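Subject: Structure handover

Hello,

Here is the structure I promised to pass on, with my notes below it. Have a look at it first, then read on at your leisure.

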Amino acid sequence: MPYLGGEEMVRELRRALCNPNVQSDHLRYRNTILKVIRVMSQGVDVSGLFSEVVKACATVDVVQKKLVYVFLCSYASLNPDLSLLVINTLRKDCHDANPMVRSLALRNMTNLRLPDLVEYVEQPLTAGLRDRAACVRRVAVLGWAKLHNLQPHSDIDATVVNELYSLLRDPDPVVMVNCLRALEEILKEEGGVAINKAIAHHLLNRLKECDVWGQCEVLRVLQRYKPQSEDELFDILSLLDSSLLSPHAPVMAATLSLFLNLCSGLPATSASALERAQGPLLAACGSATRELKFTALCHIQLLLRSLPGSMGAHYKRFFCGYAEPAFIKQRKMQVLVELVNDDNVVSVLDELKGYCTDVNTDTAQAAISAVGRIGRSYSDRCLEILTGLLGLKQEHITSAVVQTVRDLVWVCPQCSDTVCLALEGCEEALQDSQGRQALLWLLGVRGERVSGAPYVLEAFIDSVRSELSPGVKTELLTATVRMFLCRPAEMQDMLGRLLHYCIEEETDMCVRDQALLYYRLLHRGIQETQRVLQGRRSDPSLGVLICRPAEPISRWARSFNTLEPLRQEPAEPGSSNPGVPDRMTFDSKPTNHLSEHLDPGQDEEGVTESSGLLLPWPPAGPRPAPLTLSLSPALSPEKFESLWLRRRDPHAGRGSDEARKEEDFVCAEERLHSPAALGCSPQGLQAALQLVNIQMLAFTPQHALPWRVYLYTHTRRGHASATPGTTLVLGELLYSGEAERKDGDGGDEEDRQAVQGEGKEWRADDLGGNGPSERGKGRRDGEGGMRVRVKQRPRDDEAVAAFLSVLTTVLRTLSAERA
């Protein structure tokens, strides 16, 4: 027997196909072609048999035709000239009396995908749209979509488009759905198929005739239709009511997505639809298909953002099964955390305690993290579990527990005593860098409560030369300096050795620069060092995860039934490392607390696609995309000056929209009552503003008058890569030390008055409530002497309001800290 894949095998197949005795026996001939297809499916190149297989196309045997067409569609692109020989046979089969043969011929004519054959295919496809057999019409409709995909830049005849629109009323539901898909592909550049009232009501009335995927396609297309009246809206919702409880998860998800899109202005109706969809979503969580189960869990997390705790009675449905994969277990634990209440907290913690020792390290660490998040509301029960896990002395468990209690101490400082008692001896089981960093942070912040903390740090200092992680070294520096401030006698020699190594021998520049910073800071004195390093040791303003307030449905309705919930991790109040979030989001309304704006859970890369249960992103709702501040692209001082000094031409035509878009606008001017912020050093103010992505470019000396600060930022709407939503905002903080004029005064007059104050100085007591800065007659109650002026390009009033809100919050926060 010839070797599989060898030339001898191909030669033997060619001899069999050319043998007259084989060709005369239909069964042997079919079996020979079947052998060719079998060899081709095993990866053997049998393109050399193309001409022999083409001859087998002329037969009345439907099975043999299917086998030959499979071969031709696979190798037609390699033999375009020989493929022309098949066209005549295919066109002849398009007129066969058997509808199965006609549909088979049409399908394979379009599957050849050869541009040279387009002119031969158009006429059979046009005739196929009017064929009496539904199976032929189905293939012909999709054939036009394939033809357009083959030549995307060619224009499709308007007659064909009209024919496809008319086939939306075809009695066969599959033909109707295929028409929707074909029109979506052909009219992609025009926004897809146009849905008017007649088409929308026709599709809704025939929805139940379609199969599962046909219903999903119809529901997706209907999201473009906007009802013309409230009565029509509720008529549509009544027709969709039964689909909302469909046993098929894709249909239920598509229906709920359409509900949320139609009811964007009716929050009560949207909430009612979410409550009704809880049953099908819970049923999907018990599916045997792990992909469907994971998707349902992700969408349940979306639902819980607006209905927190609504599934608390069904918390046992989210207990993990032994044979479930790790990614489903982790997602179930995230849902369990959100369902915890006073009634089920004991049961949930007992279940999570069993997962903490799972053989899969990722599952065990996720369970420990879940216990820590529950500990923000039920600290006593959770600390008992976490401290008990430290006794196991397993590396991955100890590391996860230390990181979890570090975050717990940051949010709940009342847990510090229990945590400090449990830390004794756990450093021996820590091998990964994240765990060691967490332990060093705890020793630096709460080390005075740990009796053996200096000796633990000494072990780290002695082995610093073999330490590979720069993060551990920088955390060790901070912890050692903080411990020195608490217990100087024990730490003096250790601190000296560590600083000497990091300054003289360390090769990492970040570690070396931090060591130099601490060295120079210690030279300024102990009081200055304490003022810098002994700051806040916890942040209760981060909030808790349990019983969080309900979000508006409109915030996440656009991402329902898309891939976005699967790609993004759920937003959590606390990050893995205590610190400052990288990005911030906000509403365009003033607020007194900067922490209300911080949102570390925003994802900068979100792409919406369609796959499986998920369907494309519905049209935008009435709620605008969130605004974010960004320092990119950077702005040079020269560019800032040219933009700031630019004046609009007073003789320019007011009706010129383009001129208004190109010019800068003086959008806002406010007086701020935050006098203590003026006492901050420029470096401190610059650091505070950089935390919220506002950059200072220039400032006057601290006690000079007038006191000015120039700053800028970029506001972005939606994703960070969305360039069209970017607005450049320029700002000026001004304190002249004199009473401000009335609101009607112009900006240039105010600038001249401020310049007249050059050379004066203000004292710290002038910033209080009784200083000379409050003697002006034009000042109202509650107004301070500081003003902020803003310019922007292009104009966006919401962006300016948001910028002023954040800037005001920063200044008031600085004033509160100095008070």
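A word on how elements are named before anything else: helices are DSSP runs of H or I with at least four residues, strands are runs of E with at least two, and both are numbered from the N terminus. With that naming, Lys393 sits in the loop between helix 21 (379–390) and helix 22 (395–411). Please keep in mind throughout that this is a predicted model.

**Overall picture**

The protein has 819 residues, and 49% of them count as buried. Its secondary structure consists of 35 helices and nine strands. If we take the contacts between residues at least 6 apart in sequence, 70% join residues at least 24 apart. The accessible surface is about 39500 Å², and carbon and sulfur atoms account for 50% of that.

**Salt bridges**

The count of salt bridges comes to 31. Three of them caught my eye, and I will take them in chain order.

Arg102 and Asp131 pair through their side chains, with 3.0 Å from N to O. Arg102 belongs to helix 7 (residues 99–111), while Asp131 is in the loop between helix 8 (118–129) and helix 9 (134–150), so this salt bridge ties together parts that are 29 residues apart in sequence. Arg102 and Asp131 are both buried.

Next come Arg137 and Asp170, whose closest N and O atoms are 2.9 Å apart in a salt bridge. Here too distant parts of the chain are linked: Arg137 is in helix 9 and Asp170 in the loop between helix 10 (158–166) and helix 11 (173–186), 33 residues apart. Both of these residues are buried as well.

The third pair is Arg181 and Glu217, at 3.9 Å from N to O. Because Arg181 lies in helix 11 and Glu217 in helix 13 (residues 212–222), the pair ties together parts that are 36 residues apart in sequence. Are the two partners buried or exposed? Arg181 has a relative accessibility of 34% and therefore counts as partly exposed, whereas Glu217, at 12%, counts as buried. This pair also belongs to a network: salt bridges with shared partners join Arg181, Glu184, Glu217, Arg220 and Arg224.

**Around Glu184 and helix 13**

Glu184, a member of that network, lies in helix 11. Its relative accessibility is 13%, so Glu184 counts as buried. Leaving aside residues up to four places away in sequence, Glu184 touches Gly192, Val193, Arg220 and Arg224. Glu184 and Ala194 are ten residues apart in sequence, and their C-alpha atoms are 9.2 Å apart in space.

Helix 13 holds Glu217, and nine of the eleven residues of this helix are buried, so helix 13 is largely enclosed by the rest of the structure. The buried residues of helix 13 include Glu217 and Arg220 from the network, along with Gly214, Gln215, Cys216, Val218, Leu219, Val221 and Leu222. What covers these buried residues? Helix 11, helix 12 (197–205), helix 14 (230–240) and helix 15 (249–262) are among the elements that do.

**A negative patch on the surface**

Asp81, Asp116, Glu119, Glu122 and Asp157 form a negative surface patch. Of these, Asp81 is found in helix 6 (residues 80–93). The relative accessible area of Asp81 is 62%, and the cut-off for exposed is over 50%, so Asp81 counts as exposed.

**Two positive phi angles**

Back to Lys393, in the loop between helix 21 and helix 22. This residue is not a glycine, yet its phi is positive, at about 60°. With 47% relative accessibility, Lys393 counts as partly exposed.

Asn561 is another residue other than glycine with a positive phi, near 65°. Where is Asn561 placed? The answer is the loop between helix 29 (526–533) and helix 30 (564–567). Is Asn561 buried or exposed? At 2% relative accessibility, Asn561 counts as buried.

Those are my notes for now. Happy browsing!

Best wishes

Technical notes
Residues are numbered from 1 along each chain as its sequence is written. This is a predicted model: local features need pLDDT of at least 70, side-chain atom pairs count only at pLDDT 80 or more; totals for chains, interfaces and linings use all residues. Side-chain values use heavy atoms; hydrogens and water are left out. Patches are made of residues with over 30% relative accessible area and no salt bridge: like charges are joined within 9 Å, nonpolar side chains (Val, Leu, Ile, Met, Phe, Trp, Tyr) within 5 Å. Accessible areas come from the Shrake-Rupley method with a 1.4 Å probe; for residues, only the protein chains shown count as cover. A salt bridge is a side-chain nitrogen of Lys or Arg within 4 Å of a carboxyl oxygen of Asp or Glu. Lys and Arg count as positive and Asp and Glu as negative; His and the chain ends are not counted. The place of a charge is taken as NZ of Lys, CZ of Arg, CG of Asp or CD of Glu. Buried means under 20% relative accessible area, exposed over 50%, partly exposed in between (1.4 Å probe, protein chains only). Contact means heavy atoms within 4.5 Å.
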